[in-house]
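I opened the notebook to look up cysteines and backbone irregularities. The entries follow the order in which I checked them.

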Amino acid sequence: MHMHKFEKIWLIFGVGTLLVFLSVIGVSAFYMGNQPPSCLATIDPEKVDTTAPFNEPGLKKVEGKDWDYELVFVASAFNYNPGKVEIPKGSKVKIMATTKDVIHGFEVAGTNINMMLEPGFISEYVATFDKTGEFLILCNEYCGVGHHMMNSRIEVVE
């Protein structure tokens, strides 16, 4: 079978590109340890209010970990608990969040923090807050008629 030289070039280009992409994914997954979020961190959505650390949402100082603070959020019908949090500037914070009812979003405007909160699962994100100011937390997953009023605030202070 005869193939035109341009067909051979495109075939080599396509196979080469595929090999490069698979190599990048392999190195990222196995050498650098990047994995998709797992479902290992679960919680009973009916017992969120009685399960630590979600029974006391808010900011807590921690010792002996790679981060300075743990910030716990609980989302439920059209609100986040806590409604406002103050974080010292330069703090490395592990944000842990879950929901009791339906799927909610958790986006901190002006940052790269963006999580989906699903009933029965715990979402986590580690971030450093280097800039002072007030950051709005919005639900970016439609969750019902009061979705547009669902927000909270993080205030980064000196």
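Below are my notes on a predicted model.

**Cysteines.** I looked for disulfides first and found zero in the structure. Cys139 is in none, and the nearest cysteine sulfur to its own is that of Cys143, 3.9 Å away. I asked why Cys143 forms no bond with Cys139. The two sulfurs are 3.9 Å apart, which is too far for a bond, because a disulfide needs the sulfur atoms within 2.5 Å. I then checked burial of the pair. Cys139 has a relative accessible area of 8% and is buried. Cys143 is buried as well, at 13%.

**Cis peptide bonds.** I went through the omega angles next. Most peptide bonds are trans. The bond that joins Ala52 and Pro53 is cis, with omega about 0°. I placed Pro53 in the loop that runs between α1 (5-31) and β1 (58-61). Another cis bond joins Asn81 and Pro82, where omega is about 10°. Pro82 sits in the loop between β3 (79-81) and β4 (84-88).

**Positive phi.** I turned to the phi angles last. Most residues other than glycine have a negative phi. Phe78, which is not a glycine, has a positive phi near 70°. Where is Phe78 found? I located Phe78 in the loop between β2 (69-76) and β3. Is Phe78 buried or exposed? Neither label fits, since Phe78 is partly exposed, with a relative accessible area of 29%.

Methods
Residues numbered from 1 in each chain as written. Predicted model: local features only at pLDDT ≥ 70, side-chain atom pairs only at ≥ 80, totals over all residues. Heavy atoms only, no water. Buried < 20%, exposed > 50% of the residue type's maximum accessible area, 1.4 Å probe, protein only. Helix = DSSP H or I, 4+ residues; strand = E, 2+ residues; numbered from the N terminus.
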